[in-house]
Amino acid sequence: MTTLWTRVDSPVGALLITADATGALTSLSVPGQRNGREPAPDWRHDPAPFRDAEEQLGAYFAGDLKDFRLPFSTAGSEFRERVWAALDSVPYGATTTYGEIAARVGAPRAAVRAVGGAIGANPLLIVRPCHRVIGANGALTGYAGGLERKVRLLTLEGCL
């Protein structure tokens, strides 16, 4: 399967975006991201399929876009896919907790760590808003892209 990629400048650093041959996004990574992706030799650099993503990200960072409308294709376990889908329901300008996400996916309260692991493995930072998930006590807990980026994104959305 062909992986397409490009980089897009943003206020939080150069974003690496990948897509499959159909143009569906498969990942969005930030510089220094924990478990972030880097272009592989067999990937094809082609910015053309990413025009919509670049425009929508620009509008998001300008404060003009609240919901991304981009095709994506992720590959995770059934549990991770449920958690990632739950992230899509967290609206712009709002936050939720790991426990609330666990409840949304029908996981027991004891599964909060597993939910956190799935959120940490989210391959589509920003587009799938894992930055909107905070600790039960309101603490800005982990973010694969770094807490400083989480603060910037939540500030942009008016959550802080």
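1. A word on charges before anything else: Lys and Arg count as positive here and Asp and Glu as negative, while His and the chain ends are left out. On that basis the chain carries 17 positive and 16 negative side chains. The centres of the two sets lie 7 Å apart. Do keep in mind, throughout, that this is a predicted model.

2. Now the overall layout. The chain has five helices and six strands. Reading from the N terminus, the order is β-β-β-β-α-α-β-α-α-β-α. The radius of gyration is 15 Å, close to the 15 Å that the globule rule gives for 160 residues, so the chain is as compact as a globular protein of that length. If you'd rather think in terms of a box, the C-alpha atoms fill one of roughly 45 × 35 × 25 Å along the principal axes.

3. On burial and surface: 46% of the 160 residues count as buried. The chain exposes about 7,800 Å², and carbon and sulfur atoms supply 52% of that area. As for who touches whom, take the contacts with a separation of 6 or more: residues 24 or more positions apart account for 55% of them.

4. Helix α1 is a good place to start looking at detail. It spans residues 51-61, and its buried residues are A53, Q56, L57, Y60 and F61. Why do they end up on the same side of α1? They cover an arc of only 130° around the axis, which puts them there. The general background is that an α-helix has 3.6 residues a turn, so residues three or four places apart point the same way. As for partners, the buried residues of α1 pack against β2 (15-19), β3 and α5 (147-156).

5. Move just past the end of that helix. G63 comes right after α1 and takes a positive phi of about 85°. A little further on is L65, in the loop between α1 and α2. L65 counts as buried, at 14% relative accessibility, because the cut-off for that label is under 20%. Leaving out residues up to four places away in sequence, L65 touches Q56, A59, Y60 and Y92. Two of the names there, Q56 and Y60, also turn up among the buried residues of α1. The C-alpha atoms of L65 and E55 are separated by 9.9 Å, with their positions ten residues apart along the chain.

6. Helix α4 invites a similar look. In residues 112-120, V115, A118 and I119 are buried. Their arc around the axis is only 100°, which puts them on the same side of α4. What do the buried residues of α4 pack against? The partners are α2 (78-87), α3 (98-104) and β6 (133-134).

7. Strand β6 deserves its own point, through I134, which lies in it. I134 counts as buried at 12% relative accessibility. Its contacts, not counting residues up to four places away in sequence, are T95, T96, T97, Y98, A139, L140, T141, K150 and L154. For a distance to check in your viewer, the C-alpha atoms of I134 and G93 are 13 Å apart, and the two residues are 41 residues apart along the chain.

8. Over in strand β3 you'll find S29. S29 is buried, with a relative accessible area of 4%. Setting aside neighbours within four places in sequence, S29 is in contact with A14, L15, L16, G36 and R37. S29 and N122 are 93 residues apart along the chain, and their C-alpha atoms are separated by 9.8 Å.

9. Last, two backbone oddities to click on. N35 has a phi near 60°, a positive value in a residue other than glycine, and I126 has a phi near 70°, again positive and again not a glycine. N35 is found in the loop between β3 (25-29) and β4 (44-45), while I126 sits in the loop between α4 and β6. Which of the two labels, buried or exposed, fits N35? N35 is exposed, with a relative accessible area of 69%. I126, by contrast, counts as buried at 1% relative accessibility.

Key:
Residues are numbered from 1 along each chain as its sequence is written. This is a predicted model: local features need pLDDT of at least 70, side-chain atom pairs count only at pLDDT 80 or more; totals for chains, interfaces and linings use all residues. Side-chain values use heavy atoms; hydrogens and water are left out. Buried means under 20% relative accessible area, exposed over 50%, partly exposed in between (1.4 Å probe, protein chains only). Helices (H or I, at least four residues) and strands (E, at least two) are DSSP runs, numbered from the N terminus. The arc is that of the directions from the helix axis to the C-beta atoms. Contact means heavy atoms within 4.5 Å. The radius of gyration is taken over C-alpha atoms; the globule rule is 2.2 Å times the number of residues to the power 0.38. Accessible areas come from the Shrake-Rupley method with a 1.4 Å probe; for residues, only the protein chains shown count as cover. The place of a charge is taken as NZ of Lys, CZ of Arg, CG of Asp or CD of Glu.
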